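Hi,

Here is the structure I promised to pass on. Have a look at it first, and my notes on what turned up follow below.

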Amino acid sequence: MSKTNSWIVKPPAWMRLLFPGAIWREKTVDKRVFLTFDDGPVPGITPWVIEQLKKTEAKATFFCIGDNVRKYPGVFDNLKKEGFGIGCHGFSHKPGHKAGFKAYLKDIDKGLEYCGPVQWFRPPHGIIFPWWIPAIRKKGLNVVLWDVLSCDYDRSLLPQEVTANVLRNIRPGSIIVFHDSLKAWPNLKVALPEVLKWIKLHGYTTGFLTSINQNKRIL
Ligand SMILES: [Zn+2]
């Protein structure tokens, strides 16, 4: 059994209902899942993730930290050149409840200066107040949370437990979170190839985020 709290790995319906306007899962008619990577770009790690994805022709969206784009523009440019989806993960990765609303919005704007015009935003640390979402959507951003969190950043977990977090909860339309970060690396380097292999073996495909109309959101 995984030591991770299951409500973080797979948020229950009541929690999803508390966040109208956020995307937790995609609506799909086929066995399609949506891989996302937070906290990059990071030299060495993001290029490795790209390589793994290309091996299985997997699509994915990268929620980039503006400050990392500033530090590693070449790694970021390569992500775009390879045709991956880009989302904004703020500039400084401050958790929302500490930042205050004004500072939070300012941090998003600064992140957008580096990530470019994008339509996807994932709150740093996954923390956001539901009543903050309309102001973010007014910026033309869709707020993307998740259907399955790998918890790859949790160093108390074994890579096998991270893999299990994903494979136990994956389903059509799942938005799955990994991290292309130093913290996640020991787990990511084992779990990601396993998950990609499983996806292919079980007839799933991967896609880019598409939920523009959030009125038809799916739990
Ligand atoms: Zn993050």
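To start with a small puzzle: where is the place of Cys151? Cys151 sits in the loop between strand 7 and helix 9. Keep in mind as you read on that this is a predicted model, so everything here is computed from it.

**Odd spots in the backbone**

Cys151 caught my eye for its phi, which is near 60°, a positive value in a residue other than glycine. Cys151 is also buried, because its relative accessible area is 2% and the cut-off for buried is under 20%.

His93 has the same kind of entry: its phi is near 60°, again a positive value in a residue other than glycine. You'll find His93 in the loop between strand 4 and helix 6. With a relative accessible area of 18%, His93 is buried.

Ser92 is in that loop too, between strand 4 (85-88) and helix 6 (96-99). Ser92 has 33% relative accessibility, so it counts as partly exposed. Its C-alpha is separated by 6.7 Å from that of Ile65, and the two residues are 27 apart along the chain.

The other backbone item is a cis peptide bond joining Gly40 and Pro41, with omega about -5°. Pro41 belongs to the loop between strand 2 (32-38) and helix 3. Why list these at all? Because most residues other than glycine have a negative phi, and most peptide bonds are trans.

**The core**

How many residues does the largest nonpolar core have? The count is 58, and the residues with the most contacts inside this core are Leu35, Phe37, Leu53, Phe62, Ile136 and Phe178. Helix 10 (residues 185-201) supplies the largest share of it, 7 residues. Another core lies apart from that one; it has 7 residues, including Ile23, Phe34, Ile175 and Leu209.

Leu35 is a good residue to click on. Leaving aside neighbours within four places in sequence, Leu35 is in contact with Leu53, Ala58, Lys59, Ala60, Thr61, Ile176, Phe178, Leu196, Ile199 and Thr206.

From Leu35 you can hop to Ile199, which is found in helix 10. Ile199 counts as buried because its relative accessibility is 5%. Not counting residues up to four places away in sequence, Ile199 touches Val33, Leu35, Ile170, Tyr204 and Thr206. Ile199 and Arg32 are 167 residues apart in sequence, yet their C-alpha atoms are 9.2 Å apart in space.

**How the helices pack**

I looked at three helix pairs. Two packed helices are described by the angle between their axes and the distance between the axes.

Helix 9 with helix 10:
- The axes of helix 9 (residues 159-169) and helix 10 come within 8 Å and cross at roughly 40°, which makes helix 9 oblique to helix 10.
- The crossing of helix 9 past helix 10 is right-handed.
- Helix 9 brings Pro159, Val162, Thr163, Val166 and Leu167 to the contact, and helix 10 brings Pro186, Asn187, Val190, Ala191, Glu194, Val195 and Trp198.
- Sorted by class, this contact of helix 9 with helix 10 holds 9 nonpolar, 2 polar and 1 charged residues.

Helix 9 has other partners as well. Its buried residues are Pro159, Glu161, Val162, Thr163, Asn165, Val166 and Asn169. They pack against helix 1 (6-9), strand 7 (148-149), strand 8 (175-179) and helix 10.

Helix 3 with helix 10:
- Here the packing angle is about 10° and the axes are 10 Å apart, so helix 3 is roughly parallel to helix 10.
- Ile45, Trp48, Val49, Gln52 and Leu53 of helix 3 meet Trp185, Leu188, Lys189, Leu192, Pro193 and Leu196 of helix 10.
- The residues of this contact divide into 9 nonpolar, 1 polar and 1 charged.

Helix 3 with helix 5:
- Helix 3 (residues 45-55) and helix 5 (residues 73-81) pack at about 15°, with axes 10 Å apart, which makes this pair roughly parallel.
- The crossing of helix 3 and helix 5 is left-handed.
- Thr46, Pro47 and Ile50 from helix 3 meet Val75, Asn78 and Leu79 from helix 5.
- This contact of helix 3 with helix 5 has 4 nonpolar, 2 polar and no charged residues.

That's everything from my side.

Cheers

Notes. Residues are numbered from 1 along each chain as its sequence is written. This is a predicted model: local features need pLDDT of at least 70, side-chain atom pairs count only at pLDDT 80 or more; totals for chains, interfaces and linings use all residues. Side-chain values use heavy atoms; hydrogens and water are left out. A nonpolar core is a set of buried Ala, Val, Leu, Ile, Met, Phe, Trp, Tyr and Cys residues joined through side-chain atoms within 4.5 Å. Buried means under 20% relative accessible area, exposed over 50%, partly exposed in between (1.4 Å probe, protein chains only). Helices (H or I, at least four residues) and strands (E, at least two) are DSSP runs, numbered from the N terminus. Contact means heavy atoms within 4.5 Å. Axes are lines fitted to C-alpha atoms, for helices over the stretch in contact, and angles run from 0 to 180 degrees between N-to-C directions. Angles under 35 degrees count as roughly parallel, over 145 as roughly antiparallel, 65 to 115 as roughly perpendicular and the rest as oblique. A crossing is left-handed if the near helix is turned anticlockwise from the far one by less than a right angle, and right-handed if clockwise. Ala, Val, Leu, Ile, Met, Phe, Trp, Tyr, Cys and Pro count as nonpolar, Asp, Glu, Lys and Arg as charged, and the others, Gly among them, as polar.
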